[in-house]
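Student: I have this model open on my screen and I'd like a close look at one part of it. Could you take me through one helix and what sits around it?

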Amino acid sequence: MNSYIYLSIFTAFFVSYLIRVLPLTLIRKPIKNRFIKSFLYYVPYITLAVMTFPSIIEATQSPIAGIIALAVGIILSYIGLGLFPVACACCAVVFIAELFL
């Protein structure tokens with residue numbers, strides 16, 4: 001059992017180390033390709049969205065309340081409200097939606 005734990009820790013270390021070191025060693029020149037630059041620019045946003053979207057739907061008692069809060073949050077942030085008012089509004093929407101659902 002101990003060897004499995006050490007093997008798992010080493011594998012996790014090795015994979016995360018390779019992900020960080022390989023780009024530094026293989027790519028020495030500035031990236032000029034517009035497609036690759038835009039792809040690398042949007043990777044953090046896509047990763048965050050993929051990690052948060054299922055949690056938004058599953059965190060509430062009813063998935064419908066999560067979907068409604070997500071829609072309200074998107075609309076309010078598109079209008080230009082900050083993070084705190086959007087979060088408060090989404091919490092209120094979930095509270096109200098779960099009262100009626």
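Tutor: Here is a walk along helix α2, with the neighbouring parts brought in along the way. Keep in mind that this is a predicted model.

Let's start with the basics. Helix α2 covers residues 34-58, which makes 25 residues. From its first C-alpha to its last it reaches 37 Å, close to the 36 Å expected at 1.5 Å a residue. At the N-terminal end, look just ahead of the helix for N33, which caps it. A side-chain oxygen of N33 lies 3.0 Å from the backbone nitrogen of F35.

Now move along to V43, where α2 bends by about 40°. There's a proline to spot here too: P44 follows within four residues of the bend.

It helps to put helix α1 beside this. α1 runs over residues 2-26 and has 25 residues as well, so it should span 36 Å at 1.5 Å a residue; its end C-alpha atoms are 35 Å apart, which agrees. α1 has a bend of its own, by about 25° at L18. Two residues of α1 are handy landmarks. S16 sits in α1 and is partly exposed, because its relative accessibility is 26%, between the 20% and 50% cut-offs. The side chain of S16 reaches back to the backbone oxygen of A12 at 3.0 Å. In C-alpha terms, S16 and K29 are 23 Å apart in space while 13 residues apart in sequence. L26, also in α1, is exposed, since its relative accessibility of 65% is over 50%. From the C-alpha of L26 to that of Y78, 52 residues along the chain, the separation is 39 Å.

Back on α2, go to V50, which lies in the helix. V50 counts as exposed because 56% relative accessibility is over the 50% cut-off. The C-alpha atoms of V50 and I31 are separated by 26 Å, with their positions 19 residues apart along the chain.

Next comes the loop between α2 and α3, where you'll find T60. T60 is buried, because its relative accessible area of 17% is under 20%. The side chain of T60 reaches the backbone oxygen of S62 at 2.6 Å.

From here you can turn to the largest pocket. α2 supplies at least two residues of its lining, and so do α3 (63-79) and α4 (83-100). The pocket holds about 490 Å³ of space and is lined by 20 residues. Those nearest its centre are I56, L70, G73, I74 and V86.

Last, the cysteines, in case you were wondering about crosslinks. The structure holds 0 disulfides. C88 is in no disulfide, and the nearest cysteine sulfur, that of C91, is 6.5 Å away. C91 isn't in one either, with the sulfur of C88 as its nearest at 6.5 Å. A pair would need its sulfur atoms within 2.5 Å, so these don't qualify. As for surroundings, C88 is partly exposed, with a relative accessible area of 40%, whereas C91 counts as exposed at 54%.

If you go back to α2 now, three places are worth clicking on: the N33 cap, the bend at V43 and the exposed V50.

Notes. Residues numbered from 1 in each chain as written. Predicted model: local features only at pLDDT ≥ 70, side-chain atom pairs only at ≥ 80, totals over all residues. Heavy atoms only, no water. Expected span 1.5 Å × (residues − 1). Bend = angle between axes of the 7 residues up to and from the residue. Polar contact = N/O pair within 3.5 Å; in protein donor to acceptor, adjacent residues only side chain to side chain. Buried < 20%, exposed > 50% of the residue type's maximum accessible area, 1.4 Å probe, protein only. 1 Å grid on protein atoms, 1.4 Å probe; cavity = no way out; pocket = protein on both sides within 12 Å on 5 of 7 lines; lining within 4 Å. Points joined across faces, edges and corners; volume = space filled by probe spheres on them.
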